[in-house]
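Have a look at the model below and keep it open while you read. This report walks through a sheet, a group of aromatic rings and one acidic residue.

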Amino acid sequence: QVQVAESGGGLVQAGGSLRVSCAMTTVAFSAYCMGWFRKRPGEEREFVAAISGDGAKRSYADSVKGRFTVNRDSAKNTVHLQRDSLKSDDTAVYYCATKRGPLLARRTRQYDYWGEGTQVPVSS
């Protein structure tokens, strides 16, 4: 069974930094594209960022371009999502997801496995 699990959430002051991580329980880590989504209060789940199986390509939502970064550590089967200078509207539950195949994807329905999410409340 493929499992993904987020970590690193918690209350953060506006202007602070966010780093959330996602671990995947498979030895075939490079065969999977990894994505990050978030659900802000009162909003639908939205795409944030994705990284290809080999870590060479990245995709970001237009709304977060230049504000978030995603990286991949194949040695640890882990991906990280980072942002400095958090804003209060970054408050959300952040979800890690993965899909079979290494190519980038941006749509929720393209992903096969999901973590439970990690809550990131950003105080204003």
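## Around Glu 46, the sheet and the rings

Leaving aside neighbours within four places in sequence, Glu 46 touches Trp 36, Phe 37, Arg 38, Arg 40 and Ser 63. Please keep in mind that this is a predicted model. Glu 46 belongs to strand β5, which covers residues 46-51. With a relative accessible area of 18%, Glu 46 falls under the 20% cut-off and so counts as buried. Its side chain makes a polar contact of 2.9 Å with the side chain of Arg 40.

Phe 37, one of the contacts of Glu 46, also leads us to the aromatic rings. The model has five aromatic pairs. Two of them involve Phe 37, and are set out here:

| Pair | Distance of centres | Angle of planes | Type |
|---|---|---|---|
| Phe 37 and Phe 47 | 5.6 Å | 70° | edge-to-face |
| Phe 37 and Trp 114 | 4.9 Å | 50° | tilted |

Phe 37 sits in strand β4 (residues 32-39) and Phe 47 in strand β5, so their pair ties together parts that are ten residues apart in sequence. Trp 114 lies in strand β10 (residues 113-114), so the pair of Phe 37 and Trp 114 links parts 77 residues apart in sequence. Phe 37, Phe 47, Tyr 111 and Trp 114 form one aromatic cluster. Within this cluster, Phe 37 is buried at a relative accessible area of 0%, while Trp 114 is partly exposed at 26%. Phe 47 is buried as well. Arg 45 lies over the face of Trp 114, at 4.1 Å from the ring centre.

Now to the sheet. Four strands make up an open sheet in the order β1-β3-β8-β7, with antiparallel pairing. β1 (4-7) and β7 are the edge strands with a single partner each, so one side of each has no neighbour in the sheet. On average, neighbouring strands of this sheet are turned by 20° against each other, direction ignored.

Strand β8 (residues 78-83) has five of its six residues buried, so the rest of the structure largely encloses it. Six bridges join β8 to strand β3 (residues 18-24); His 80 is the bridge partner of Ser 21, and Thr 78 stands opposite Ala 23. β8 also pairs with strand β7 (residues 68-73) over six bridges, where Leu 81 is the bridge partner of Val 70. β7 and β8 form a hairpin with four residues between them, and Asn 77 in the turn has a positive phi of about 50°. Finally, the charged end of Arg 83 sits over the ring of Phe 68, 5.6 Å from its centre.

Definitions and conventions. Residues numbered from 1 in each chain as written. Predicted model: local features only at pLDDT ≥ 70, side-chain atom pairs only at ≥ 80, totals over all residues. Heavy atoms only, no water. Helix = DSSP H or I, 4+ residues; strand = E, 2+ residues; numbered from the N terminus. Buried < 20%, exposed > 50% of the residue type's maximum accessible area, 1.4 Å probe, protein only. Polar contact = N/O pair within 3.5 Å; in protein donor to acceptor, adjacent residues only side chain to side chain. Contact = heavy atoms within 4.5 Å. Pairing = 2+ DSSP bridges. Axes fitted to C-alpha atoms, helices over the stretch in contact; angles between N-to-C directions. Phe/Tyr/Trp six-rings, centres within 6.5 Å; stacked < 30°, edge-to-face > 60°. Lys NZ or Arg CZ within 6 Å of the ring centre and 35° of its normal.
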